[in-house]
Amino acid sequence: MICSILLLIILTSCVSGTLVVNVTQTSYQAEENHHITLEWTFTTNPHTSSNSLNIFCELLTDPRPSVLFHLHEGVEVPESQDEQFAGRVQWDKDVLREGRLRLHVSRLRTNDSGLYLCDVLTSYGSNSGRCWLNVTEREECRENQIPI
Ligand SMILES: *[C@@H]1O[C@H](CO)[C@@H](O)[C@H](O)[C@H]1NC(C)=O
Ligand SMILES: *[C@@H]1O[C@H](CO)[C@@H](O)[C@H](O)[C@H]1NC(C)=O
Ligand SMILES: *[C@@H]1O[C@H](CO)[C@@H](O)[C@H](O)[C@H]1NC(C)=O
């Protein structure tokens with residue numbers, strides 16, 4: 001009994017400190033007014049509760065970054081979000097425990113373009129992942145109808 005407990009402690013301490021954050025796509029392309037889903041995946045640890053999870057995502061713009069999403073100890077902090085993204089970001093709570101952060105950004109603007117960074121901090125480690133988003137202007141009057 002004691003041996004197996006010791007083994008478990010050794011195993012979990014080996015696992016801790018290795019948190020990987022990946023992006024499912026390194027770059028996204030979208031059109032103005034459309035929506036997009038940005039996705040990050042990260043290592044989960046079944047021994048820790050979801051309220052040890054902290055996530056901070058931002059768009060790295062000059063002169064200061066714009067906050068897209070903030071999760072503090074498993075709880076979303078909407079006050080942290082930059083006005084630029086207010087009311088335009090939704091996330092999938094269900095897949096978070098599987099280590100998937102899916103952020104749906106709607107009504108895209110051209111100035112949403114840039115490098116997005118997500119920091120994931122947990123009791124078993126921290127890391128970050130980044131991806132590019134390129135929002136292009138809508139091409140108006142592209143499909144002119146040919147008069148008969
Ligand atoms: C991250 O990507 C690597 C390489 O593709 C993969 O082996 C690993 O399982 C991924 N980890 C997560 C948490 O997505
Ligand atoms: C981004 O564009 C929108 C309109 O398309 C504008 O209202 C907003 O002020 C712009 N934001 C920045 C940071 O330039
Ligand atoms: C964004 O997309 C447009 C249209 O595909 C392309 O011409 C442009 O080079 C891209 N910009 C960046 C920064 O990737």
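This passage walks through a predicted model of a protein chain with its ligands, taking confidence, a few side-chain contacts and two ligand sites in turn.

Confidence comes before anything else. The protein chain has an average pLDDT of 87, and 82% of its residues reach at least 70. The weak spot to flag is residues 5-16, where pLDDT stays under 50. For that stretch the model shows 2 contacts beyond four places in sequence, so little can be read from how it is placed, given that pLDDT is the predictor's confidence in each residue.

Turning to the aromatic side chains, the count comes to 2 aromatic pairs. One that can be described in detail is formed by F69 and W91: the ring centres sit 5.2 Å apart and the planes meet at 55°, so this pair is classed as tilted. F69 belongs to strand β5 (residues 66-72) and W91 to strand β7 (residues 89-91), so the pair ties together distant parts of the chain, with the two positions 22 residues apart in numbering.

W91 turns up again in the surroundings of R102, a residue of strand β8 (residues 100-105). Setting aside neighbours within four places in sequence, R102 touches T37, L38 and E39 on the one hand, and Q90, W91, D92 and V95 on the other. Two of these partners also engage R102 through polar side-chain contacts. With E39, the side chain of R102 makes a polar contact at 2.8 Å; with D92, the corresponding side-chain contact is at 2.9 Å.

On to the ligands. Ligand 1 has N22, T41, F42 and T43 around it. By type, this shell splits into 1 nonpolar and 3 polar residues, with no charged ones. Two side chains offer polar atoms to the ligand: an N or O atom in the side chain of N22 lies 2.3 Å from an oxygen atom of ligand 1, while for the side chain of T41 the distance to a ligand oxygen is 2.8 Å. Of the 360 Å² that ligand 1 exposes when taken alone, the protein buries 35%.

Ligand 3 sits among Q29, N134 and T136. Here, too, side-chain polar atoms approach ligand oxygens: a polar side-chain atom of N134 is 2.4 Å from an oxygen atom of ligand 3, and an N or O atom in the side chain of Q29 is 2.8 Å from one. On its own, ligand 3 has 370 Å² of accessible area, of which the protein covers 24%.

Conventions. Residues numbered from 1 in each chain as written. Chains lettered and ligands numbered in written order. Predicted model: local features only at pLDDT ≥ 70, side-chain atom pairs only at ≥ 80, totals over all residues. Heavy atoms only, no water. Near = heavy atom within 4 Å. Polar contact = N/O pair within 3.5 Å; in protein donor to acceptor, adjacent residues only side chain to side chain. Areas by Shrake-Rupley, 256 points an atom, 1.4 Å probe, with all protein chains shown as cover. Nonpolar A, V, L, I, M, F, W, Y, C, P; charged D, E, K, R; others polar. pLDDT = per-residue confidence, 0-100. Contact = heavy atoms within 4.5 Å. Phe/Tyr/Trp six-rings, centres within 6.5 Å; stacked < 30°, edge-to-face > 60°. Helix = DSSP H or I, 4+ residues; strand = E, 2+ residues; numbered from the N terminus.
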